[in-house]
Amino acid sequence: MSRQVFNGTSSSLNFSTRITGNGCSHTNLREDDWDTLRFELTKTEDEIQTLRQVLLAKEKYAADIRRQLGMSPLSNVKQNLSKGWQEVQTSAPYLTASATLEDISNSSV
């Protein structure tokens, strides 16, 4: 097993694994291997928690900048919907469907 460490280096832990009858991986671990894996798990979970805290702080900072710029969440939604609708209206499937519907409405059926 090899894992990417947060600082960019990688640590390599090798353990023999086998698949049990229920499809779950079961690892034959010595006690020191077990301790090493528990330590790695704890360290990884701590890194995940730190990343979540950093992400939350950055999201709050971005929201504060948007507020200072006068960009409300509603204006962002409106802008995204408007841009999305414009992209739909200029897409080939939409233009083809529009032309077909126009032909149908102009026909004498």
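Let's start with the charged pairs: a search of the whole structure finds three salt bridges, each counted when a side-chain nitrogen of Lys or Arg lies within 4 Å of a carboxyl oxygen of Asp or Glu. Keep in mind that this is a predicted model, in which local features need pLDDT of at least 70 and side-chain atom pairs count only at pLDDT 80 or more, while totals for chains, interfaces and linings use all residues. Residues are numbered from 1 along each chain as its sequence is written, and side-chain values use heavy atoms, leaving out hydrogens and water.

Arg-30 is a good place to look first. Its side chain meets that of Asp-32 in a salt bridge of 3.3 Å, N to O, and Arg-30 also forms one with Asp-33, where the closest N and O atoms are 3.4 Å apart. Arg-30, Asp-32 and Asp-33 are thus linked in a network of salt bridges. The partners differ in their surroundings (buried means under 20% relative accessible area, exposed over 50%, partly exposed in between, with a 1.4 Å probe and protein chains only). Arg-30 is exposed at 55%, Asp-32 is partly exposed at 43%, and Asp-33 is buried at 14%.

From here, follow helix H1 (31-68); helices are DSSP runs of H or I with at least four residues, strands are runs of E with at least two, and both are numbered from the N terminus. H1 has 38 residues and reaches 56 Å from its first C-alpha to its last, close to the 56 Å expected at 1.5 Å a residue; the expected span is 1.5 Å times one less than the number of residues. Within H1, Asp-33, Glu-40 and Glu-47 are buried.

Further along H1 comes another salt bridge, in which the side chains of Asp-64 and Arg-67 meet at 2.5 Å, N to O. These two are three residues apart in H1, so about one helical turn separates them. An α-helix has 3.6 residues a turn, so residues three or four places apart point the same way. Asp-64 is partly exposed at 26% relative accessibility, whereas Arg-67 is exposed at 58%.

Finally, look at what follows the helix. Leu-69 sits in the loop between H1 and helix H2 (73-89) and is exposed, at 61% relative accessibility. Gly-70, which follows H1, has a positive phi near 80°. Leu-69 also joins Tyr-61, Ile-65 and Met-71 in a nonpolar surface patch with about 410 Å² of accessible area together.

Methods. Patches are made of residues with over 30% relative accessible area and no salt bridge: like charges are joined within 9 Å, nonpolar side chains (Val, Leu, Ile, Met, Phe, Trp, Tyr) within 5 Å. Accessible areas come from the Shrake-Rupley method with a 1.4 Å probe; for residues, only the protein chains shown count as cover.
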